[in-house]
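Please open the model in your viewer and keep the sequence panel beside it, so that residues can be selected by number as the tour goes along. Each stop below suggests a selection and then describes what is found there.

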Amino acid sequence: RYQFCRGCSQAVFHPREFCPYCMSSQLEWRVSSGKAKIYTYSVVYRPLFPDWKAPYILAIVRLDEDFYLFTQIVDCSPEQVQVEMPVEVIFDRVTPEVVLPKFRPVQ
């Protein structure tokens with residue numbers, strides 16, 4: 001989900017009380033398609049924590065609704081990843097309380 005401003009027709013992400021573009025409070029929640037393209041990425045070879053398996057891909061994706069999200073790219077090798085690659089969201093249940101949106105190449 002993301003916010004959409006009815007005042008200026010802009011996608012708003014991260015959630016907030018007022019639109020950062022026009023300062024309107026006319027924000028509504030919408031459901032994202034979950035489709036995106038990789039805007040930029042980095043391959044991590046030295047993990048931050050010993051339990052994390054490297055290499056892994058961190059990226060900023062641009063969703064079809066025109067907002068950006070920092071995420072992890074999964075089901076893709078570092079050699080395959082590229083800017084503008086189409087990706088789709090999957091949800092990784094890390095704990096019973098925490099679910100993270102991650103992206104994989106479109107099948």
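## The largest pocket

Begin with the largest pocket, which encloses about 400 Å³ of space. This volume, like every other value in the tour, belongs to a predicted model. Select Trp 52, Leu 58, Gln 72, Leu 100 and Lys 102, which are the closest to the pocket's centre among the 13 residues that line it. Then colour strands β5 (56–63), β6 (68–73) and β8 (99–105), since each of these supplies at least two residues of the lining of the largest pocket. By character, the lining of this largest pocket is made up of eight nonpolar, two polar and three charged residues.

## The second largest pocket

Move on to the second largest pocket, where the space comes to about 240 Å³. Its lining has 14 residues, and those closest to the centre are Arg 1, Ser 32, Leu 63, Val 89 and Phe 91. Two elements, β7 (86–93) and β8, give two or more residues to the lining of the second largest pocket. This lining divides into 10 nonpolar residues, three polar ones and one charged one.

## A sheet of three strands

Next, select the three strands that form an open sheet in the order β2-β1-β3, with antiparallel pairing. Strands β2 (11–12) and β3 (27–30) stand at the edges of this sheet with a single partner strand each, so one side of each has no neighbour in the sheet. Strand β1 (residues 2–5) runs antiparallel to β3 and is joined to it by four bridges. To see one of these contacts, select Cys 5, whose bridge partner in β3 is Leu 27.

Now follow the chain through the loop between β2 and β3, where His 14 has its place. The peptide bond that leads from Phe 13 to His 14 is cis, with omega near 15°. Further along, Met 23 also lies in the loop between β2 and β3, and its phi is near 65°, a positive value in a residue other than glycine. Is Met 23 buried or exposed? Met 23 counts as exposed, because its relative accessibility is 57%.

## The hairpin of β5 and β6

Before entering the hairpin, stop at the loop between β4 (35–44) and β5, which holds Pro 55. Here Ala 54 and Pro 55 are joined by a cis peptide bond, with omega about 0°.

Strands β5 and β6 then pair in the antiparallel sense over six bridges, and one place to look is Arg 62, which stands opposite Tyr 68 in β6. Four residues lie between the strands of this hairpin, and Asp 66 takes a positive phi near 80° in it.

Show the side chains along β6 and look at how they are arranged. In a regular strand the side chains alternate between the two faces of the sheet. In β6, Leu 69, Thr 71 and Ile 73 point to one face and are buried, while Tyr 68, Phe 70 and Gln 72 point to the other face and are not buried.

Beyond this strand, in the loop between β6 and β7, select Asp 75, where phi is near 55°, again a positive value in a residue other than glycine. Asp 75 is exposed, with a relative accessible area of 58%.

## The cysteines

Select the cysteines next, and ask how many disulfides the structure holds. The count is zero. Look closely at Cys 8, whose closest cysteine sulfur belongs to Cys 19 at 3.6 Å, which is too far for a bond. Cys 8 is partly exposed, at 26% relative accessible area, whereas Cys 76 counts as buried, at 14% relative accessibility.

## The nonpolar core

For the last stop, select Ala 36, Ile 38, Val 61, Leu 63, Ile 73, Val 87 and Phe 103, which touch the most other members of the largest nonpolar core, a set of 18 residues. Strands β1, β4, β5 and β6 each supply at least two residues of this core, and the largest share, four residues, comes from β5. Two members of the selection have already appeared on the tour: Leu 63 among the residues closest to the centre of the second largest pocket, and Ile 73 on the buried face of β6.

Notes:
Residues numbered from 1 in each chain as written. Predicted model: local features only at pLDDT ≥ 70, side-chain atom pairs only at ≥ 80, totals over all residues. Heavy atoms only, no water. Pairing = 2+ DSSP bridges. 1 Å grid on protein atoms, 1.4 Å probe; cavity = no way out; pocket = protein on both sides within 12 Å on 5 of 7 lines; lining within 4 Å. Points joined across faces, edges and corners; volume = space filled by probe spheres on them. Nonpolar A, V, L, I, M, F, W, Y, C, P; charged D, E, K, R; others polar. Buried < 20%, exposed > 50% of the residue type's maximum accessible area, 1.4 Å probe, protein only. Disulfide = S-S within 2.5 Å. Core = buried A, V, L, I, M, F, W, Y, C linked by side-chain atoms within 4.5 Å.
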